[in-house]
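Trainee: I am new to this structure and should be grateful for a close look at a single part of it. Please take one helix and explain how it is placed among its surroundings.

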Amino acid sequence: MHELGVVFSIIKTVEEVAASNDVKEVASVKLNLGEVSTVIPEYLTDCWNWAVKRTEIMKEAKLDIEIIPAVTYCEDCGTEYGTVEHGKICPKCGSSHTYLLRGNEFTIQEIEVC
Amino acid sequence: MNDYRIIEVKESILADNDRDAEELRRELKAQNTFLLNLMSSPGAGKTTTLVRTISMLKDEFNIGIMEADIDSDVDAKTITDTGARAIQLHTGGMCHLDADMTRQGLREFGTEDLDLVVLENVGNLVCPAEFDTGAVRNAMILSVPEGDDKPLKYPLMFQIADVVLINKCDVLPVFDDFSKEDVVERIRMRNPNCDIIFISAKTGEGFDEWTDWLRKEIKAFQEA
């Protein structure tokens, strides 16, 4: 829902990294995006393609998104299970004492520059 | 031929906003202004709750209200009628406020002489929860007609709230499928520590407890 704001935030960070590394052009930006990070990759890419054209150094920059599957851990029986399929309740023992192990990542991993 | 190289960043996309938010909290502490971020879905009663809250606290605190909306200034007009200072921020289509937008609003507003500023965030249970505004405390309003299942559907909003106000309790006799016990249990699943207060902005039910909560938090902030 807030993909455009997120895109502006990514562009700001990348521009800062580029400035401190004396970069003239950014070729691509690689993101890690958790499956339950509330950001829709397709919308993010649409916003990206629009927003980068307004920048100086990343007009042609591609967005490379790697999706991290969401996994939840059950504190009562130690099971690790898929968050998207089963949610907060452990499918093995029915406990709600669970927490997200991974899957809400939202990280700029690296940028490819020339 | 272009020569490519890779620069590792490994930075959370929200890291920049989190830094801005921490900085804003330091600035607010320096001038002793308590900033409350008030969130809810559209129509849960943020503005009506504020109007009654202002009328109960305006003799004790200098209060300012920042209204964030995609467009229009109807809320700021309503607030100004109470005698409190208000400013309307337009997010220009954005679904939430981030720390930098909040700071710009506060600067424009001029908050040095204010003890309490309430940021009325964009009506939305999803995006405002993702972005730290730099507020000292987060409050959210869930109104009875929205249903007691909302903590299940919008977990993050309930996770980050310091206080949940359950509003429109005057209509509980009509919305008799809304269970107070269930809603408390569902909020507790997400957030064992937040305070939960049942209120009605229309009748004033629960407002002694709610304004006491605010007094206590403001006092703790100013003495910290």
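Mentor: The account below begins with one helix of chain B and then turns to the elements around it.

The model is a predicted one. For chain B the mean pLDDT is 92, and 99% of its residues reach 70 or more. For the complex, the predictor gives an ipTM of 0.80 and a pTM of 0.81.

The helix chosen is α1 of chain B, which covers residues 15-30. Its 16 residues, at 1.5 Å a residue, should span 22 Å, and the C-alpha atoms at its ends are 23 Å apart, which agrees. Five residues of α1(B) are named as buried, namely B:Asn17, B:Asp20, B:Ala21, B:Leu24 and B:Leu28. Viewed down the helix axis, the buried residues of α1(B) fall within an arc of 100°, so they line one face of the helix. The other side of α1(B) carries exposed residues: B:Arg19, B:Glu22, B:Arg26 and B:Ala30.

B:Arg19 may serve as an example from that exposed side. B:Arg19 counts as exposed because 12 other C-beta atoms lie within 10 Å, and the limit for an exposed residue is 12 or fewer. The C-alpha atom of B:Arg19 is separated by 30 Å from that of B:Trp210, which is 191 residues away along the chain.

What, then, covers the buried residues of α1(B)? The cover includes α1 (3-20) of chain A, and also β2 (34-40) and α4 (99-109) of chain B. After the helix comes B:Asn32, whose phi is positive, near 60°.

One of the covering elements, β2(B), leads into a set of paired strands. β2(B) is joined by five bridges to β5(B), and the two run parallel. Within this pairing, B:Leu35 has B:Val117 of β5(B) as its bridge partner. Strand β3 of chain B, residues 63-69, is also joined to β5(B) by five bridges and runs parallel to it. There, the bridge partner of B:Ile63 is B:Leu116. Strand β5(B), residues 116-120, is mostly covered, with five of its five residues buried. B:Leu116, B:Val118 and B:Glu120 point one way from β5(B), while B:Val117 and B:Leu119 point the other way. In a regular strand, side chains alternate between the two faces of the sheet.

The other chain also deserves attention, since α1 of chain A is included in the cover of the helix. In total, 22 residues of chain A are in contact with 23 residues of chain B. On the side of chain A that touches chain B, the elements giving two or more residues are α1 and β6 (106-113) of chain A. The largest share, eight residues, comes from β6(A). By kind, the residues on this side of chain A divide into 10 nonpolar, nine polar and three charged.

β6(A) is also paired across the two chains: six bridges join it to strand β1 of chain B, residues 5-12, and the strands run antiparallel. In this pairing A:Val113 stands opposite B:Arg5 of β1(B). B:Lys10 is likewise found in strand β1 of chain B. The phi of B:Lys10 is near 45°, a positive value in a residue other than glycine. B:Lys10 counts as exposed because it has 9 C-beta neighbours inside 10 Å.

Definitions and conventions
Residues numbered from 1 in each chain as written. Chains lettered and ligands numbered in written order. Predicted model: local features only at pLDDT ≥ 70, side-chain atom pairs only at ≥ 80, totals over all residues. Helix = DSSP H or I, 4+ residues; strand = E, 2+ residues; numbered from the N terminus. Expected span 1.5 Å × (residues − 1). Buried ≥ 20, exposed ≤ 12 C-beta atoms within 10 Å, placed from the backbone. Arc of directions from axis to C-beta. Contact = placed C-beta atoms within 7 Å. Nonpolar A, V, L, I, M, F, W, Y, C, P; charged D, E, K, R; others polar. Pairing = 2+ DSSP bridges. pLDDT = per-residue confidence, 0-100.
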